[in-house]
Amino acid sequence: MTERTFSIIKPDATKRNLTGKINAVIEDAGLRIVAQKRIRMSDAQAKKFYEVHSERPFYGELVEFMTSGPVVVQVLEGDNAVARYREVMGATNPEQAAPGTIRKLYANNVGENSVHGSDSLDNAKLEIAQFFTDAEIVG
Ligand code: CMP
């Protein structure tokens with residue numbers, strides 16, 4: 001089934017000029033980038049986006065990191081896009097990520113792990129709506 005998922009290329013990756021290389025992995029995996037913009041996340045945006053992790057010990061560090069530099073927010077479209085992108089990203093911790101995945105190729109560590117992808121179709125819809133209007137998504 002054709003789905004849309006939400007992706008973020010994180011500050012560790014934009015700082016190292018990896019946006020194009022990450023987009024190549026995404027496109028080579030058969031996912032289409034149907035919306036994309038480079039932004040600096042505000043503190044409020046990052047806190048809201050990661051609200052589900054607000055009780056975790058790394059929440060403050062995570063918000064600080066996500067606001068430390070530019071990010072590229074994206075909408076990806078394709079067959080089973082949510083699960084497909086999670087495969088393409090690899091495990092959260094790059095030490096456990098499979099060869100060829102974005103995190104194995106590029107992530108620094110579990111915090112600075114280069115990309116985010118939605119974990120369910122319901123969350124994808126909520127996350128996309130936080131950063132894009134319908135008119136900005138061109139399928
Ligand atoms: P992400 O998919 O963006 O969703 C939550 C993020 O929390 C996750 O990727 C990691 O970057 C981050 N995270 C998870 N576990 C840890 C940890 N132990 N220390 C720091 N950050 C973490």
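This section describes the ligand site of a predicted model and the annotated domain around it.

According to an unreviewed UniProt entry, residues 2-139 carry the annotation "domain: Nucleoside diphosphate kinase-like". Over this span the chain is 40% helix and 20% strand. The end C-alpha atoms of the span lie 11 Å apart.

The ligand sits in the largest pocket. Its shell consists of Lys-10, Tyr-50, His-53, Phe-58, Leu-62, Thr-92, Arg-103, Val-110, Gly-111, Asn-113 and His-116. By class, the shell residues comprise four nonpolar, five polar and two charged.

Oxygen atoms of the ligand pair with both side-chain and backbone atoms of the protein. For Lys-10, a polar side-chain atom is 2.8 Å from a ligand oxygen. Val-110 contributes through its backbone, where an N or O atom lies 3.0 Å from an oxygen atom of the ligand. In Asn-113, an N or O atom of the side chain is 3.3 Å from a ligand oxygen. On its own, the ligand has 460 Å² of accessible area, and the protein covers 78% of this.

The unreviewed UniProt entry also places the feature "binding site" at Lys-10, Phe-58, Arg-86, Thr-92, Arg-103 and Asn-113. From this set, the lining of the largest pocket takes in Lys-10, Phe-58, Arg-86, Thr-92, Arg-103 and Asn-113. The ligand occupies that pocket. Phe-58, one of the annotated positions, is found in the loop between α3 (43-49) and α4 (59-66). Phe-58 also belongs to the ligand shell. Lys-10 and Asn-113 are likewise annotated, and each places a polar side-chain atom by a ligand oxygen, at 2.8 Å for Lys-10 and 3.3 Å for Asn-113.

Note on methods:
Residues numbered from 1 in each chain as written. Predicted model: local features only at pLDDT ≥ 70, side-chain atom pairs only at ≥ 80, totals over all residues. Heavy atoms only, no water. Near = heavy atom within 4 Å. Polar contact = N/O pair within 3.5 Å; in protein donor to acceptor, adjacent residues only side chain to side chain. Areas by Shrake-Rupley, 256 points an atom, 1.4 Å probe, with all protein chains shown as cover. 1 Å grid on protein atoms, 1.4 Å probe; cavity = no way out; pocket = protein on both sides within 12 Å on 5 of 7 lines; lining within 4 Å. Sits in = over half its atoms within 2 Å of the grid points. Nonpolar A, V, L, I, M, F, W, Y, C, P; charged D, E, K, R; others polar. UniProt positions renumbered as here; feature names shortened; annotations may be inferred. Helix = DSSP H or I, 4+ residues; strand = E, 2+ residues; numbered from the N terminus.
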